[in-house]
Amino acid sequence: MGEIIKEIRRIKINGTPNRMGLIYAVLRAIADYGINIVTMESDPYICCKLEWDSTMSEEDFCSFMKSRIPEIESISYIDLMEYERIEVELGTLINNINDCILKLDPSGHITSYNKKSEIFIKKRNAENGHINDIIPTSVLDLNVNIDPCSVEFIYNTGSKEKAFLANINPIKNEGNIVTSYFVIISEMSSIRNLINTIMRPSMITFDDILGESDEIKSAINISRSVAPALSSIMLRGESGTGKELFARAIHMASNRANGPFVAVNCASVPESLIESEFFGYDKGSFTGANTSGKQGYFELASGGTLFLDEIGELAPHLQSKILRAIQEKKIRRIGGNHEIDIDVRIISATHQDLERMIREKSFREDLYYRLNIIPIFIPPLRQREGDVAKLARYFIDDISKKHGKKVKIADDAMKILLEYDWPGNVRELNNIIERAICISDGTITVKDLMLNNEAIRKVLKVESEIQKEDYPINLPAKLSEIEDSYIIKAFDSFGSYRKVAENLKISHTTVMNKLKKYAGL
């Protein structure tokens, strides 16, 4: 007598109407035929997973079932039950997701997980372990929080410590009782890269930097040649020369072009927040801190470029911490217990005399040498022979389109632009062209240029006019005119209300009110 071989068969019963007792009739008939049922489904068809043996005849089985249940039209054999098909497809999908997915029971013990989660499970030997073997109780306590939440935590993967973000999703029944949890864990670096891909604006390339002069071409050629290197770059040049444009172009020409570009104006970060902005903080670090903590500039720029503009404005105590971050390639958040690995390329920029600041002990010499590995000098506009006209025409075309106007420039107005020495450089030229376009009637004339504005002439001739003045004099009105004139000139140089206020030693509000009244800014 031959050996009976057990195997699994799956059948689908077609043509069965939805009548009371039909499922019972099918189950009873299969049992009477002598077959064990492993499992069954009944939506929309009755499907059964059977324990079959090799002595059974498929034809006899089908005939028997049809004779017992006349409603059966046919019986077909299928590869997978519907629930099995869903499990296979869902399992394949979940195991190919680049995030860690864990299922927990109501107490937080791990009941299942996808392949990516093995970086946690295998290291901790935490199969059937608890979620707090991975995420510290100080960060996630399921006894306290049973609502959906996101928490950030640091985990040592073996080779290095990494930052992760976990989304906790409780599953509740109709009585609002938690029956399980799904936890999705992502590397913060992956999240940053995704955000950078979606949110970043179109970046500047070297082709976007306009100019035909030998001076600007030399700066572009040097920048292009050092872009692929990992060394720190320091861009030197006067305010308004386009140092950030160069930084963005260098980033886009580097091997980090697909990574983030984080630009920080060191002069604009409030003193009280500057350390937390650069290095971030953990949850509960100080009153008012974000409950889930915050990443700093170094973490945000990891894998890409961190551009530190106005580097000379850094407070001395922060200079030492930035130096350590560059040297060690690690940072520690405020209130944090772990060091976080960072991978950033530093591009810094300044218009200040850092060498003088080093002599005056206001800038660290060791930080200077870390940042100034490759110095690149951006020439001022007055030294770029022939570029003023090219830039002016570009700004006229570009700004005119944005304002929905068609504007040209008169020859005498262009002559004025060519003769001016441009203390505010390209930024000043852009500002003057935009203001002129706003007030012109289609052709920019000399009177439309702020360079020939009455306020500017008053500044240049103030001393001689005071000498010629007949008494009585309305001194408050005269002083107001002089103040107006200096504010307008300073704005052309700095292009910032705050910078004007700092350099003229007046309030930010005074600058705003004067410019709105006098220059329409």
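**Legends to close-up views of the predicted model**

**View 1. Helices α1 and α2 are oblique to each other, because their crossing angle falls in neither the parallel, the antiparallel nor the perpendicular range.** In this predicted model, the axes of α1 (residues 22–33) and α2 (residues 58–68) cross at roughly 135° and come within 10 Å. The handedness of this crossing is right-handed.

**View 2. Residues forming the contact of α1 with α2.** Helix α1 contributes Val26, Arg28, Ala29, Ile30, Asp32 and Tyr33, and helix α2 contributes Asp60, Phe61, Phe64, Met65 and Arg68. By residue class, the contact comprises seven nonpolar and four charged residues, with no polar ones.

**View 3. Confidence extremes among the elements of the chain: helix α16 and strand β10.** The lowest mean pLDDT, 48, belongs to helix α16 (residues 454–468), whereas strand β10 (residues 233–236) has the highest, 96. Residues 452–456 have pLDDT below 50, and this stretch makes nine contacts in the model beyond near neighbours in sequence. Where pLDDT is low, predicted coordinates should not be read in detail. For the chain, the mean pLDDT is 83, with 87% of residues at 70 or more.

**View 4. The chain that frames the preceding views contains 19 helices and 18 strands.** Of its 521 residues, 42% are buried. Among contacts between residues at least 6 apart in sequence, 65% join residues at least 24 apart.

Definitions and conventions. Residues are numbered from 1 along each chain as its sequence is written. This is a predicted model: local features need pLDDT of at least 70, side-chain atom pairs count only at pLDDT 80 or more; totals for chains, interfaces and linings use all residues. Side-chain values use heavy atoms; hydrogens and water are left out. Axes are lines fitted to C-alpha atoms, for helices over the stretch in contact, and angles run from 0 to 180 degrees between N-to-C directions. Helices (H or I, at least four residues) and strands (E, at least two) are DSSP runs, numbered from the N terminus. Angles under 35 degrees count as roughly parallel, over 145 as roughly antiparallel, 65 to 115 as roughly perpendicular and the rest as oblique. A crossing is left-handed if the near helix is turned anticlockwise from the far one by less than a right angle, and right-handed if clockwise. Contact means heavy atoms within 4.5 Å. Ala, Val, Leu, Ile, Met, Phe, Trp, Tyr, Cys and Pro count as nonpolar, Asp, Glu, Lys and Arg as charged, and the others, Gly among them, as polar. pLDDT is the predictor's confidence in each residue, from 0 to 100. Buried means under 20% relative accessible area, exposed over 50%, partly exposed in between (1.4 Å probe, protein chains only).
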